[in-house]
Every structure is written in structure tokens, then in C-alpha cells.
Amino acid sequence: MYKAYVWLITTIRDYGPMTLNEINNLWIKDKVNEGNGLDRSKFFRYRSEIEENFHIVIDFNMKEGYYIKNPEIFRKDCIENWMLSTLVVNHAIGDCADIKDRIGVENIPSSERFLRDIIQAMRRNQVLHIAYQAYGRDRESHYTVQPYFLKLYHQRWYLIGPSDTKPVITLALDRMKRVRNTGTEFLMDRTLTVTEYLKDCYGVMKDESLVAEDILIRAFGTEVNYLRDLPLHGSQKEVMQGEGWADFRFRLRPSWDFIGKLMERANRLKVMEPESVVAKIWAKHAESVKLYK
């Protein structure tokens with residue numbers, strides 16, 4: 001079923017508006033259902049289920065045929081787009097077992113160990129008790145957490161929510177030793193979303209001591225293209241360009257995670273403003289130089 005969903009979505013997205021006859025011809029050619037055709041009733045059922053599961057609307061135009069009505073969803077940082085991308089990759093790799101030794105993937109630590117239990121607690125709004133050992137700590141810490149959000153960031157899953165020790169705590173799943181559902185229910189505002197909570201943050205840490213600022217960065221050479229294709233943050237906007245450079249403006253909290261990301265590309269990115277962020281970059285570079293003296 002999911003293979004049919006993926007095929008229909010990606011085919012209509014990539015080929016553009018198509019008639020049902022054109023879709024059916026490609027369906028048979030690609031042997032999606034062992035060469036059996038796609039009849040109208042089955043297509044309409046898949047179309048409805050795709051909208052229900054992925055919020056992707058396959059609409060119809062009398063002049064051209066079927067098309068994706070809301071293509072912007074493919075550019076959004078949303079769970080539906082991530083699910084679709086994961087399915088596409090899974091099916092692509094699943095069909096090439098004969099060359100599996102030539103394909104490398106990245107590991108997501110502990111996602112299979114605690115992810116299901118945490119998601120179940122989130123659906124039921126139930127409090128979790130977590131045994132946790134942070135890096136550099138000799139002993140475990142114990143937290144009672146209301147699981148508000150889950151966020152995948154740099155191949156790691158993070159749990160975010162109020163705890164018995166902090167108004168909001170962020171815990172990496174790969175540092176969790178044990179997770180127990182207490183069965184105690186909590187009340188959560190259904191209007192809260194992880195995107196809204198982290199909208200002015202880089203990464204998963206929300207530093208309440210910082211306020212969101214307008215940050216102007218100049219990219220040089222091929223870095224311009226990298227930023228255009230893979231923005232650093234949802235607030236990124238290209239505001240000016242010249243010969244071999246382009247300026248990008250961001251609206252976010254200048255956390256050390258963001259500073260670190262900029263330093264990774266230190267020879268291709270320059271912070272233009274504000275001066276406070278420029279000073280942070282200077283200080284970190286000075287520390288780095290000391291290591292090589």
C-alpha cells in the first residue's frame with residue numbers, strides 16, 4: 001500500500017499534471033502492482049488515503065489532469081514530508097538488496113529502543129520517569145518529564161518537555177538508560193507545536209537567556225549555493241548578492257550551537273551584524289588559535 005502511495009506522489013510530483021490514462025501506463029510500465037493496471041476506483045481510494053496520511057492533495061484539472069495542489073509541503077519542515085522522504089528512501093534501498101554493501105547510511109542512536117514508548121506516552125499525555133546519564137557525568141540523573149515534543153536533529157532524537165527540575169528540559173534519547181511510563185496524565189495545550197516552540201532557535205536547545213535577533217551573514221563562493229539549497233534555519237532570507245557572494249538574513253537566538261555551525265564554515269561565511277555576534281565569533285576563533293600555539 002505504502003509503495004503505491006510513494007509511487008503516485010513522486011510520479012505526479014515529478015512528471016507534472018497527468019491524465020489517469022497516463023498515470024496507468026506508467027504504473028504498468030514500472031510494474032508497481034506486478035504489472036496489473038490501476039483502475040479508477042483504486043486510484044481514487046489511494047488519492048483519498050494519501051491526503052489523509054500525508055496531507056498531500058492530488059487535485060484534478062479538466063484541461064491537464066491530476067496534479068499536486070499543495071507542492072509547498074515538499075519544502076516544509078514537517079512530519080508528513082519527513083515520513084514521505086523516509087518511505088521513498090526505504091523503498092529505493094529495499095529494491096536494491098543486491099548492492100547493499102555499496103550503500104552507506106547513518107545510525108540514529110537508541111531510536112529503536114525508546115522511541116516507540118515515548119511516542120505512546122505523548123499520544124496518551126502520560127508522564128515519563130527517565131534515568132539519564134549525560135556526557136561527563138559519573139552517575140545517572142533521574143527526571144520526571146511531561147513529553148511535549150520529539151525532535152530529530154543531527155541523527156539524534158531529543159525529547160523536550162517540562163520536568164520536575166526545570167520548566168523545560170531537553171534530553172537525548174541515546175543518553176537515556178531507562179524509560180518508564182508512570183501512567184500519570186498531564187494536561188497539554190493542543191495548539192502547541194514543536195515548530196512554533198523552536199521557531200527562533202537553532203537546533204533543539206532553547207536558551208531563555210537569549211532573545212531573537214536579526215543576524216546578517218555573507219556567504220562566499222559555492223557556499224552561496226549550499227545555503228540556497230539547504231537553508232541553515234527557517235527564517236533564512238537572501239537579501240543581497242554580488243559577484244561571488246550573497247547576504248542572508250536570519251531571525252533567531254544567537255546560541256552557541258548556531259555560533260558553532262558558523263565556525264564550521266569559517267572560511268566561507270562572515271557575520272556582518274550585529275556586533276555582539278561578531279564578538280562571539282572572534283572569541284571562539286581566538287580560543288581555537290591558542291590550541292595551535
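## Surface patch, sheets and backbone features of a predicted model

Ile79, Trp82 and Met83 make a nonpolar surface patch of about 280 Å². Isoleucine 79 belongs to helix H4, which covers residues 79–94. The structure is a predicted model, and H4 is where confidence in the protein chain is lowest, with a mean pLDDT of 70. Confidence is highest in S11, at 97. Across the protein chain the average pLDDT is 88, and 90% of the residues score at least 70.

### The four-stranded sheet

S11 is part of an open sheet of four strands, ordered S10-S11-S9-S12 and paired in the antiparallel sense. The edges are taken by strand S10 (237–242) and strand S12 (269–273); each has a single partner strand, so one side of each has no neighbour in the sheet. From one strand to the next, the twist averages 25°. Strands of a sheet pair through backbone hydrogen bonds, in either a parallel or an antiparallel arrangement.

The pairings of this sheet are set out below, each with one pair of opposing residues.

| Strand pair | Bridges | Residues opposite each other |
|---|---|---|
| S10 and S11, antiparallel | five bridges | methionine 240 and aspartate 247 |
| S9 and S11, antiparallel | eight bridges | isoleucine 217 and phenylalanine 248 |
| S9 and S12, antiparallel | four bridges | isoleucine 217 and valine 271 |

Isoleucine 217 appears in two rows: this residue stands opposite phenylalanine 248 in S11, and its bridge partner in S12 is valine 271. Strand S9 itself spans residues 213–220.

S10 and S11 form a hairpin in which two residues separate the strands. Glycine 244, in the turn, has a positive phi of about 85°.

Two helices lie across strands of this sheet. Helix H8 (residues 256–264) lies across S9, strand S11 (245–252) and S12, and runs at about 10° to S9. Helix H9 (residues 275–291) lies across S9 and S12, at about 145° to S12.

### The three-stranded sheet

Another open sheet has three strands in the order S4-S3-S8, and its pairing is antiparallel. Strand S4 (141–145) and strand S8 (176–185) are at the edges with a single partner strand each, so one side of each is left without a neighbour in the sheet. With direction ignored, neighbouring strands are turned by 15° against each other on average.

Strand S3 (residues 126–132) is joined to S8 by six bridges, and the two run antiparallel. Leucine 128 has asparagine 181 as its bridge partner in S8.

### Backbone exceptions

Most peptide bonds are trans, and most residues other than glycine have a negative phi. Two sites in the model depart from these patterns, one in the peptide bond and one in phi.

The peptide bond between glutamate 273 and proline 274 is cis, with omega of about 5°. Proline 274 sits in the loop between S12 and H9, and thus between an edge strand of the four-stranded sheet and a helix that lies across S9 and S12.

Lysine 31 has a positive phi of about 55°, although this residue is not a glycine. The loop that holds lysine 31 runs between helix H2 (20–29) and helix H3 (40–54).

Definitions and conventions. Residues are numbered from 1 along each chain as its sequence is written. This is a predicted model: local features need pLDDT of at least 70, side-chain atom pairs count only at pLDDT 80 or more; totals for chains, interfaces and linings use all residues. Side-chain values use heavy atoms; hydrogens and water are left out. Patches are made of residues with over 30% relative accessible area and no salt bridge: like charges are joined within 9 Å, nonpolar side chains (Val, Leu, Ile, Met, Phe, Trp, Tyr) within 5 Å. Accessible areas come from the Shrake-Rupley method with a 1.4 Å probe; for residues, only the protein chains shown count as cover. A salt bridge is a side-chain nitrogen of Lys or Arg within 4 Å of a carboxyl oxygen of Asp or Glu. Two strands pair if DSSP finds at least two bridges between them. Axes are lines fitted to C-alpha atoms, for helices over the stretch in contact, and angles run from 0 to 180 degrees between N-to-C directions. Contact means heavy atoms within 4.5 Å. pLDDT is the predictor's confidence in each residue, from 0 to 100.
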